[in-house]
2 protein chains.
Amino acid sequence: MENIEEYCKTKNLKLTPVRQKVFQILLKETSGLGAYRILDLLREAGFNSQPPVAYRALDFLVEHGFVHKIESQNSFVACSDPGAHHSPIFMICKKCDSVLEAPVSASASDLSEALMATGFQVEQTIIEAEGVCSTCADK
Amino acid sequence: MENIEEYCKTKNLKLTPVRQKVFQILLKETSGLGAYRILDLLREAGFNSQPPVAYRALDFLVEHGFVHKIESQNSFVACSDPGAHHSPIFMICKKCDSVLEAPVSASASDLSEALMATGFQVEQTIIEAEGVCSTCADK
DNA sequence: ATCTCCTATGATATAATATAACATTACATT
DNA sequence: AATGTAATGTTATATTATATCATAGGAGAT
């Protein structure tokens, strides 16, 4: 938490109450939380919020790398290493529903090996790369 | 198309008209299609369908590896190599919106290298591994 | 043949996720 | 104070997905 406060101060980003609260909510969890679950927790914390409030806070947090979206769940998790620009790998346990971020170095080389080394038993991977295809690049 | 008809025959799977049509629709596209876009195209083709019809057909096709879901888009694409049990890697072009499946071998070793070799300029990767975490495995 | 079971489909409703659009506030700079 | 920009408030609605129950259709048993 202090990490990101520091970071925002130096980068001159506004870590407003609602943004801070959303981050705190996610920090407490080991599983991904959906936007509407976050919204409920915001309300319990006294923020009488509508959906756009949660989505805006999440947009901010994701944009600056404090939070990641888990695409296969439409859920969100706090980043384990905010500030570091990295390409995260998530290990999603189908039994306890935990979402763990694999060590950054894991992305560099053999994927399943790297994940195995963490003790995670991979059953299925979802790998999507976003960028520019060769056809478009040639234009 | 013949591939999957063969495959279904040997495996005794029912490739019903609506399933076949959904697959044909996806085969024609280079981009991912959302379920409701597929539904529209089904209707244009004379299937007067409700959402569950499209989702059921997609469930069937995904379950048997004929179609993949692109999680970051909530869209679907025909599999480029149906029948082969593989862990696909998708290259999603942000300019032309095309979705290409990288050659299977690419998953084995360095990811960004493998993708670069295809001429695709990676800007961001989404990697999610589903399985069992070490804590749950120990129980 | 018809009965039974299982799978697939039809149909309605609704849940869950996400954003558009516009009004208002808050705060920094001029 | 006046202005501009970013954030928030608020309402409505778009988009994605599933629960539920009813109906049909085909394969195997009697």
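**Exercise 1.** Which residue follows helix 1 of chain A, and what is the sign of its phi?

*Solution.* Start with the conventions. This is a predicted model, in which local features need pLDDT of at least 70, side-chain atom pairs count only at pLDDT 80 or more, and totals for chains, interfaces and linings use all residues. Residues are numbered from 1 along each chain as its sequence is written, while chains are lettered from A and ligands numbered from 1 in the order in which they are written. Helices (H or I, at least four residues) and strands (E, at least two) are DSSP runs, numbered from the N terminus. The residue after helix 1 of chain A is A:Asn12, and its phi is positive, near 60°.

**Exercise 2.** State how much of helix 1 of chain A is buried, then describe chain A as a whole.

*Solution.* A residue is buried if 20 or more other C-beta atoms lie within 10 Å of its own, exposed if 12 or fewer, and partly exposed in between, with C-beta atoms placed from the backbone. Helix 1 of chain A spans residues 2-11; of these 10 residues the number buried is 1, so the helix lies largely in the open. Over chain A, 31% of the 139 residues are buried. The chain holds 6 helices and 5 strands, in the order α-α-α-α-β-β-β-β-α-β-α from the N terminus.

**Exercise 3.** Describe the packing of helix 3 of chain B against helix 4 of chain B.

*Solution.* First take the geometry. Axes are lines fitted to C-alpha atoms, for helices over the stretch in contact, and angles run from 0 to 180 degrees between N-to-C directions. The two helices of chain B pack at an angle of about 110°, with axes 9 Å apart. That makes helix 3 of chain B roughly perpendicular (65 to 115 degrees) to helix 4 of chain B.

Next take the residues in contact (C-beta atoms, placed from the backbone, within 7 Å). B:Ala35, B:Ile38, B:Leu39 and B:Leu42 of helix 3 meet B:Pro51, B:Ala54, B:Tyr55 and B:Leu58 of helix 4. By class, this contact has 8 nonpolar, no polar and no charged residues.

**Exercise 4.** Find the relation between chain A and chain B.

*Solution.* Copies are superposed by least squares on the C-alpha atoms of residues with pLDDT of at least 70 in both. A turn of 180° and a shift of 0.0 Å along the axis lay chain A on chain B with an RMSD of 0.0 Å. That is the relation of a two-fold axis. In chain A, A:Ile127 comes closest to the rotation axis, at 2.3 Å (C-alpha).

Methods. Parallel < 35°, antiparallel > 145°, perpendicular 65-115°, else oblique. Contact = placed C-beta atoms within 7 Å. Nonpolar A, V, L, I, M, F, W, Y, C, P; charged D, E, K, R; others polar.
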